[in-house]
Amino acid sequence: MSRVALVKCREYDLEQVTQALVRALEPLGGLGQFVKPGQRVLLKINMLRPTPPETATTTHPVVAVALARMVRDLGAVPVIGDSCGGAKAYGQSERALEECGIAPLAREHGIETIVFETAGVERVKVENAAFLHEIVVSKAVLDADVVISVPKLKTHVETLITGAVKNMFGVMPGAYKLNLHRRAPGPVNLGHALLDIYKTVKPALCVMDGILAMEGSGPSWGKPKFVGALLASADGVALDHTAARLVGQDPTQVTTIAPAKERGIGENDTAAIEVVGDSIDELRPADFALTSNAVMRAAPNFLLNILNNHFFWVRPRWNQSGCELAGECEKVCPVDAITIANNRVTIDKKTCIQCTACYMVCPNDGILLKKSIIAKILSA
Ligand code: SF4
């Protein structure tokens, strides 16, 4: 049996959100069940791209900072962080922290923030993987004593709902995330791959911002929709299941939820999920616009593979005419994919994780990014 707390919260007011969070966490044993004094606690927000909080694309700064203050009140050290999606995460994530309103509010309250691309990476083995036998994870995540997933309630054109499970996708830095679409084409495969990541970097607690949600063509191009709810659970799958029910989405169709129980990752049986706090029926928003993945589900894997290989990639390449051999790229590369010898820069394609750090630090035009069509659109 998994427990999910669902509480009404109608405004992004720091005190109101704090009170609602206390109410949500109380039936889970309180925040002290998950956080101990002295621990470094990473609040892994959803920071998909630089966009203001009113667009409902990213975790609202008030929710992140309210939770961070509660962590600090317990004598622990909170840090709020993420890595942008898309093809230009390095550099873009710093901008997103500002434009999403996270960094300004965190600064005001003396809370540390971190961009995952700047912390280095480690390769982590995935036990009993469905797709990803190894993933590259930011050290910002691995160095934390406790990880709390703080997702945004949104629709998702592939998985149908994006929540606590999908939120852990961001632990992989930069454009490496685009790799996933090539390695696990289609909604069902993608759901399994996201579960591989979630179970490997399993958050101790998940707290979802469902006050202003995103409906329609999420997670980027949907519309804001007021729901007025916060959700919390130690089981991210059960939390996403409850969030799906809240907005009228059949959880059995959500590809990050449906295979989870069979794989021993989380609870997805309605009868085995205890929802405490406020009533789902009372909080359910009228006319929430769902999305569909029917076309992608119907497409055969070989076709999706071809599409992904052509449309989802970004690669650095050496630009000899713009390079002054400053060596910054070699120093910044987190996986030692770059070597400089005999006045030439060589990038090992097999080792490169497409984080784009070399491109961002080059003081000249020594590294250019080759992008697929979709990557160009995402960058724009
Ligand atoms: S070469 Fe290194 S720094 Fe450049 S994108 Fe690849 S992994 Fe990142």
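Where is the place of A56? In this predicted model, A56 sits in the loop between β2 and α2, and I would like to start from that loop and work outward. The phi of A56 is near 65°, which is a positive value in a residue other than glycine, and A56 counts as buried because 26 other C-beta atoms lie within 10 Å, where 20 or more are needed.

Let me take the two elements on either side of that loop, beginning with β2. Strand β2 covers residues 40–45, and five of its six residues are buried, so the strand is largely enclosed by the rest of the structure. Its partner is strand β3, residues 77–82, to which β2 is joined by five bridges, with the two strands running parallel. Within that pairing, K44 stands opposite G81 in β3.

G81 comes up again when we look at I114, a residue of strand β4, which spans residues 112–115. Leaving aside neighbours within four places in sequence, I114 is in contact with V79, G81, A119 and A140. The C-alpha atoms of I114 and V79 are separated by 6.9 Å, although the two residues are 35 residues apart along the chain. I114 is buried, with 21 other C-beta atoms within 10 Å.

A useful case to set beside I114 is L142, which is placed in helix α5, residues 139–142. L142 has 16 C-beta neighbours inside 10 Å and therefore counts as partly exposed. Its contacts, again without neighbours up to four places away in sequence, are E122 and V137. Between L142 and K154, which are twelve residues apart along the chain, the C-alpha separation is 26 Å.

On the other side of the A56 loop is helix α2, and that brings us to the core. The largest nonpolar core has 113 residues, and L67 and L230 are the ones with the most contacts inside it. Helix α2, residues 61–73, gives the largest share of this core, namely nine residues. Both domain 1 (2–301) and domain 2 (313–379) contribute residues to the core, so the core lies between them. As for the domains themselves, their C-alpha centres lie 31 Å apart. Coming back to L67, this residue touches L21, L43, V150 and V207, if we do not count residues up to four places away in sequence.

One backbone feature in domain 1 deserves a mention, and that is the peptide bond from G218 to P219, which is cis, with omega near 10°. P219 is placed in the loop between β10 (205–215) and β11 (223–233).

Turning now to domain 2, which the domain assignment gives as residues 313–379, I will begin with D336, in the loop between α13 (328–332) and β14. D336 is not a glycine, and yet its phi is positive, at about 55°. Unlike the buried A56, D336 is exposed, with 9 other C-beta atoms within 10 Å.

What follows is a hairpin. Strand β14, residues 338–341, is joined by four bridges to strand β15, residues 344–347, and the two run antiparallel. T339 has T346 in β15 as its bridge partner. Two residues lie between the strands, and N342 in the turn has a positive phi of about 50°.

Finally, the ligand. There are 14 residues around the ligand, and those that come nearest are C333, C352, C355, A357 and C358. Sorted by class, the shell has twelve nonpolar residues, two polar ones and no charged ones.

Terms used: Residues numbered from 1 in each chain as written. Predicted model: local features only at pLDDT ≥ 70, side-chain atom pairs only at ≥ 80, totals over all residues. Near = placed C-beta within 6 Å. Nonpolar A, V, L, I, M, F, W, Y, C, P; charged D, E, K, R; others polar. Domains from an automatic or database assignment. Core = buried A, V, L, I, M, F, W, Y, C linked by C-beta atoms within 7 Å. Buried ≥ 20, exposed ≤ 12 C-beta atoms within 10 Å, placed from the backbone. Contact = placed C-beta atoms within 7 Å. Pairing = 2+ DSSP bridges.
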